[in-house]
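Trainee: Could you take me through one part of this structure up close? I'd love to look at the cavity inside and then at whatever surrounds it.

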Amino acid sequence: MEFDLHNPLTGFEEYHFDAVSALFANESDHMPSFLDFKSTDVRFSLRRHSVFLISQVQSSYKFDGYIAYLAVNYIDRFLSKQAVLENKPWIVRILVIVSLSLAAKMRNVDLSLSDIQRDVGLNFDAQSIHRMESLILHTLKWRLRSITPFSFLHFFNSFLKLVDSSLTQSLKQRASDIIFSTQYEIKLFEYKPSIIAASALLCAAEELITLQFSSCLTAISESQYSNKEELMNALAVMREMPIEGREYCSMLTPKSVLKCEHTSSQCETHTNQDRDTIKKRRLSDSRDDRTFQISQVQWC
């Protein structure tokens, strides 16, 4: 059964009270714990490197944007729970390959591992892939049905009393686009998925129905599950995101990644190296069929 990020706990579109309560009660288990995450942390470089490679693969195969979102969610949660002392290229690549594979399985989409490995520039033997998959599953405690900001859009959207009810779907779609973009903003790591969802919906309202923004803010902030201070802080971060013309793109692309994440000279170096590696790998693929074998995955 295909995993629906908008409705992770049940197979029904209609939200029941128990399901909503369960979402809010369990959302913290599905977010990364990067409260001390700094640009000097090796995980920062690993994350940027991973996101860039995922963007390359998605640009090549144009697969479901939710697959990329889930894969980044798995990587964030994994890195926040693993002690990583050094940034090795093979670590990033196998992490990306396996995370994309798991996300595709959850979305019931058939992705070719051989194609993904060609795009990330390195092939791994089946045993290494299986070992890495087991490590990720164990670290995430098998919680692959991630509770994300998408899971709360229906709930918060139901509080809005719009003058034109036909705008409901447009508002939800715009909020979804914003959520895709905000996944790369490190400053939002401290906020729960529900806060990000509510803030994204308010950003969408500010753009699409400016005159009704105040009433939307009041309606959402008065919800029993809302924390107005956190809501306003997250909203402020989203307003400052460097996206030209306040246009949000639901597709993960190399350009959007570089826009949405704060850059540093070190990270730019990794990005340029990635481009060169992928180009060289594609050029030599016909005559170089290397398989990278990992005898033991070590993180610290």
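Mentor: Sure, start with the residues around the largest cavity: 17 of them line it, and Pro32, Tyr69, Asn73, Phe189 and Ile196 are the ones nearest its centre. Keep in mind that we're looking at a predicted model here. Two elements each give two or more residues to that lining, namely helix 3 and helix 9. Helix 3 supplies the largest share, with 3 residues. Sort the lining by character and you get 10 nonpolar, 5 polar and 2 charged residues. As for volume, the largest cavity comes to about 240 Å³, and a search of the whole structure turns up 3 cavities of 30 Å³ or more.

Now stay with Tyr69, since it leads us on to the ring pairs. A pair of aromatic rings is described by how far apart the centres are and by the angle between the planes. With the rule used here, the structure has 12 aromatic pairs. Let's begin with a neighbour in the same helix: the rings of tyrosine 66 and phenylalanine 180 sit 5.3 Å apart, centre to centre, with an angle of 50° between their planes, so this pair is tilted. It joins distant parts of the chain, because tyrosine 66 belongs to helix 3 (residues 65–81) and phenylalanine 180 to helix 8 (residues 167–182), 114 residues apart. Tyrosine 66 has a relative accessibility of 18%, so it counts as buried, the cut-off being under 20%. Phenylalanine 180 is buried too, at 8%.

Back to tyrosine 69: its ring pairs with that of phenylalanine 150, and this one is edge-to-face, with 4.9 Å between centres and 75° between planes. Tyrosine 69 is in helix 3, while phenylalanine 150 is in the loop between helix 6 (126–139) and helix 7 (153–157), so the pair ties together parts 81 residues apart in sequence. Both tyrosine 69 and phenylalanine 150 are buried.

That loop between helix 6 and helix 7 also holds serine 146. Serine 146 is buried, with a relative accessible area of 0%. Its side chain makes a polar contact of 2.9 Å with the side chain of arginine 77.

What about the other helices we've met? Helix 9 (residues 193–208) has 16 residues, which should span 22 Å at 1.5 Å a residue, and its end C-alpha atoms are indeed 22 Å apart. Helix 9 is mostly covered, with 13 of its 16 residues buried. Helix 8 also has 16 residues and reaches 22 Å from first C-alpha to last, close to the 22 Å expected. Among the buried residues of helix 8 are Leu171, Ala175, Ile178, Ile179 and, as we saw, Phe180. If you trace a helix like these on screen, remember that an α-helix has 3.6 residues a turn, so residues three or four places apart point the same way.

One more ring group to find: Phe24, Phe152, Phe155, Phe156, Phe159 and Tyr225 are linked by ring pairs into a cluster.

Finally, zoom out. The chain has 13 helices and 0 strands, and 55% of its 300 residues count as buried.

Notes. Residues numbered from 1 in each chain as written. Predicted model: local features only at pLDDT ≥ 70, side-chain atom pairs only at ≥ 80, totals over all residues. Heavy atoms only, no water. Phe/Tyr/Trp six-rings, centres within 6.5 Å; stacked < 30°, edge-to-face > 60°. Helix = DSSP H or I, 4+ residues; strand = E, 2+ residues; numbered from the N terminus. Buried < 20%, exposed > 50% of the residue type's maximum accessible area, 1.4 Å probe, protein only. Expected span 1.5 Å × (residues − 1). 1 Å grid on protein atoms, 1.4 Å probe; cavity = no way out; pocket = protein on both sides within 12 Å on 5 of 7 lines; lining within 4 Å. Points joined across faces, edges and corners; volume = space filled by probe spheres on them. Nonpolar A, V, L, I, M, F, W, Y, C, P; charged D, E, K, R; others polar. Polar contact = N/O pair within 3.5 Å; in protein donor to acceptor, adjacent residues only side chain to side chain.
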